[in-house]
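Hi,

Here is the structure I promised to pass on. Have a look through it first, and then read my notes on the strands and helices below.

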Amino acid sequence: MINPSTKLYAVLGHPVAHSLSPRMQNAAIKRLGLDALYLAFDVPPEKLMATLAMMAELGFAGVNLTVPLKEVAFRGLKDMDPDARALGSVNTVKFGPRGMRGFSTDGLGFISAIKKVFHCTPKDLSVCLLGCGGAGRAVGLACAGAGAKKIFLADTEMTRAKKLKADIAASAVGAEVDIVPAGREALNSAARESRLVIQATPVGMHRGDIPLLDSRAFDGRQMLYDLIYMFPRTALMKIASGKGCRVANGLDMLAFQGAASLSIWTGRKAPVNTMIRELEKAVYGKSKRV
């Protein structure tokens, strides 16, 4: 039941209708026995900061941010957790007596997901990252911080790839970083040279999307992690698995980053297994993967 003391949380995005965060977070809220509700709102980038201010006035306790709002929030918020400031991206906002504070849980969510699905970390691996904005940026810096040997950066906006390369270099982690030139052959070549391929662009969110890579990008050695989570297998995952590669969608990353957000808001340990099971039921039709 909703009452005047019910705490409100939400995910903001543009679009946001695809988001499974409300289903996942409300299952976690129920498991913890909290008097709270998690909602979803479609908010265009130019209205984000005004919307956040209004939500603070209305008494919201926290929000998650998804495409394309993470970098907008980073530019608009004054108070940020050091990790979010270093990443240049905000996916979690906590409202409190002192105002709004931004966090990023994407990097942690990604590393936790890779450990779960591939039983490894990026340490000593060559990595091909498709997409350097928002979640992709957080993932790239997380890979560098985890000890990746070499990172190929690809983005349609070259300035984002260059900025990420400079920030990885400034972190003094020692990873070699190359920017991939435009063109499918260059992307395929970078993927072939990598052990871990990460798809961090919106390509694949719609069934008619043409994958950024084709079968020439894979030779069976790679692991492919596609941050798209609303389908059991994206078109790119099907291509990679057809070449003998291990593949996974972004479901586990969504769960782990969402669990970290819930803990930031509530101070409670989030029931991540409950969250994963709820996502699996939404994506696979049952709580055990097929």
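Before the strands, one convention: two strands count as paired if DSSP finds at least two bridges between them. Keep in mind, too, that this is a predicted model.

With that in hand, take β3 (residues 62-65) and β4 (residues 92-96): three bridges join them, and the two strands run antiparallel. If you want a spot to click on, Val63 has Val93 in β4 as its bridge partner.

Both strands belong to an open sheet of five, ordered β2-β1-β3-β4-β5, and the pairing is mixed. At the edges sit β2 (36-42) and β5 (99-103), each pairing on one side only. On average, neighbouring strands in this sheet are turned by 20 degrees against each other, ignoring direction.

Which strands does helix α1 touch as it packs on the sheet? Helix α1 (residues 21-32) is in contact with β1 (7-13), β2 and β3, and its direction makes about 170 degrees with that of β2.

Now for a helix pair further along the chain. The axes of α6 (residues 135-145) and α7 (residues 158-170) come within 10 Å and cross at roughly 30 degrees. Angles under 35 degrees count as roughly parallel, so α6 is roughly parallel to α7. The crossing of α6 past α7 is right-handed.

As for who meets whom, α6 brings Arg137, Gly140, Leu141 and Ala144, while α7 brings Lys163, Leu164, Asp167 and Ile168. Sorted by class, that contact has four nonpolar residues, three charged and one polar.

Cheers

Notes:
Residues are numbered from 1 along each chain as its sequence is written. This is a predicted model: local features need pLDDT of at least 70, side-chain atom pairs count only at pLDDT 80 or more; totals for chains, interfaces and linings use all residues. Side-chain values use heavy atoms; hydrogens and water are left out. Axes are lines fitted to C-alpha atoms, for helices over the stretch in contact, and angles run from 0 to 180 degrees between N-to-C directions. Helices (H or I, at least four residues) and strands (E, at least two) are DSSP runs, numbered from the N terminus. Angles under 35 degrees count as roughly parallel, over 145 as roughly antiparallel, 65 to 115 as roughly perpendicular and the rest as oblique. A crossing is left-handed if the near helix is turned anticlockwise from the far one by less than a right angle, and right-handed if clockwise. Contact means heavy atoms within 4.5 Å. Ala, Val, Leu, Ile, Met, Phe, Trp, Tyr, Cys and Pro count as nonpolar, Asp, Glu, Lys and Arg as charged, and the others, Gly among them, as polar.
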